[in-house]
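Subject: Structure handover

Hello,

Here is the structure for you to take over. My notes on it follow below the display.

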Amino acid sequence: MPSGEYLINFDHELWIAKGTTTSAIPTSTTGLTKVFNLTDASMTSTSSTQNVQDYDSDPTSEKAAVLSISKTMPVVLNLSPGDPGYQILMEVNERGTENLAVQYFRQSAKVPGTLGTGEVRAGIATVTGFNEGRAVAGVGAMTFTLTAFGGSVWYPQGQAAATVTVTTGGSGMTAATYEDVPLIPVGIGGRNITADITVAAGGLVSVAPTIVLGGQNVRVGDVYTVAAADMGGAGVMPTFTVATVA
């Protein structure tokens with residue numbers, strides 16, 4: 001984010017779907033229901049730490065080691081009983097003992113004047129409670145507490161991938177051209193990127209892949225790899241670095 005450019009407010013948009021604690025973390029809004037009348041969906045993260053000895057520096061010194069991180073999201077909305085998003089939240093809350101959860105996909109507004117897609121947080125959450133109240137002018141308001149279950153994913157504000165370069169070519173793969181292969185972030189990166197990748201006779205990638213789908217939330221310098229199952233099932237997989245975005 002360029003210096004001096006700020007969001008006026010968070011202006012989140014939230015999509016959800018009913019699932020279980022073993023459901024997949026969504027990478028898009030496809031198949032999800034938008035929660036309307038939303039007034040807040042800010043996330044809070046807290047860490048549990050324990051002091052441990054740091055033998056690499058001073059045997060008598062201690063440092064705080066993070067044991068766990070928990071995340072909660074108070075979802076506040078003006079009450080509209082007919083809203084499908086509200087109904088999903090209420091059902092999952094009422095049936096929480098049945099291993100129900102929600103898949104959530106929260107997108108923030110992007111910085112004004114910039115290109116691409118605002119940052120995204122996605123994951124699985126249980127609905128651990130709700131509160132009824134009144135908003136301004138007597139409008140009914142509901143607050144559902146979403147508690148993240150397992151890991152969540154953060155996609156930074158970014159654009160679509162235009163070109164990538166070969167960072168490491170891999171080895172031992174079966175020579176062929178593999179089409180529309182999903183690119184997987186190494187660490188933090190974008191989503192829904194695919195490319196055509198050619199493995200040469202020597203079992204490695206030496207020519208930059210051709211981007212098929214540029215995806216979203218991609219930044220120059222992001223590093224990606226691929227799954228062996230999408231590349232013939234054998235060998236050491238290559239890695240690629242985003243050179244340009246569009």
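**Aromatic pairs**

Phe105 is buried, since its relative accessible area is 0%. Please keep in mind that this is a predicted model. The partner of Phe105 is Trp15: the ring centres lie 6.2 Å apart and the planes stand at 70°, so this pair is edge-to-face. It links distant parts of the chain, with Trp15 in strand β1 (residues 13-20) and Phe105 in strand β6, 90 residues apart. Trp15 is buried too, at a relative accessible area of 13%.

Phe130 and Phe144 make a tilted pair, because their planes are at 35°; the centres of these two rings are 5.9 Å apart. Phe130 belongs to strand β7 and Phe144 to strand β8 (residues 140-155), with their positions 14 residues apart in the chain. Phe144 has a relative accessible area of 0% and is buried, whereas Phe130 is partly exposed at 27%. Together with Tyr86, Phe130 and Phe144 form one aromatic cluster. The search of the whole structure gave three aromatic pairs.

**Around Thr128 and Asn93**

Thr128 sits in strand β7 (residues 120-134) and is partly exposed, with a relative accessible area of 49%; that value falls short of the 50% above which a residue counts as exposed. Leaving out residues up to four places away in sequence, Thr128 touches Asn93, Thr145 and Thr147. With Thr147 there is also a polar contact between the side chains, at 3.3 Å. The C-alpha atoms of Thr128 and Glu94 are 9.4 Å apart, while the two residues are separated by 34 residues along the chain.

On the other side of that contact, Asn93 is part of helix α1 (residues 84-94). Asn93 counts as buried because its relative accessibility is 16%, under the 20% limit. Apart from neighbours within four places in sequence, Asn93 is in contact with Val127, Thr128, Gly129 and Phe130.

**A three-stranded sheet**

Strands β10, β12 and β13 form an open sheet in the order β10-β12-β13, with antiparallel pairing. β10 (176-182) and β13 (210-213) are the edge strands: each has a single partner strand, so one side of each has no neighbour in the sheet. From one strand to the next, the twist averages 25°. β10 and strand β12 (residues 194-199) run antiparallel and are joined by five bridges. Within this sheet, Pro182 stands opposite Thr194 in β12.

**Positive phi angles**

Most residues other than glycine have a negative phi. Two asparagines are worth listing here. Asn37 has a positive phi near 60° and lies in the loop between β2 (33-34) and β3 (38-40). Asn99, also not a glycine, has a positive phi of about 70°, and its place is in the loop between α1 and β6 (100-107). Asn37 is partly exposed at 37% relative accessibility, and Asn99 is partly exposed at 42%.

**The chain as a whole**

The chain has one helix and 15 strands. Of its 246 residues, 34% are buried. Among contacts with a separation of 6 or more, 67% are between residues 24 or more positions apart. The accessible surface of the chain is about 12700 Å², and carbon and sulfur atoms account for 54% of it.

Regards

How values were computed:
Residues are numbered from 1 along each chain as its sequence is written. This is a predicted model: local features need pLDDT of at least 70, side-chain atom pairs count only at pLDDT 80 or more; totals for chains, interfaces and linings use all residues. Side-chain values use heavy atoms; hydrogens and water are left out. Helices (H or I, at least four residues) and strands (E, at least two) are DSSP runs, numbered from the N terminus. Buried means under 20% relative accessible area, exposed over 50%, partly exposed in between (1.4 Å probe, protein chains only). Contact means heavy atoms within 4.5 Å. A polar contact is a pair of N or O atoms within 3.5 Å; within protein, one must be able to donate a hydrogen and the other to accept it, and residues adjacent in sequence count only if both atoms are side-chain atoms. Accessible areas come from the Shrake-Rupley method with a 1.4 Å probe; for residues, only the protein chains shown count as cover. Two strands pair if DSSP finds at least two bridges between them. Axes are lines fitted to C-alpha atoms, for helices over the stretch in contact, and angles run from 0 to 180 degrees between N-to-C directions. Rings of Phe, Tyr and Trp (its six-membered ring) pair if their centres lie within 6.5 Å; planes under 30 degrees apart count as stacked, over 60 as edge-to-face and the rest as tilted.
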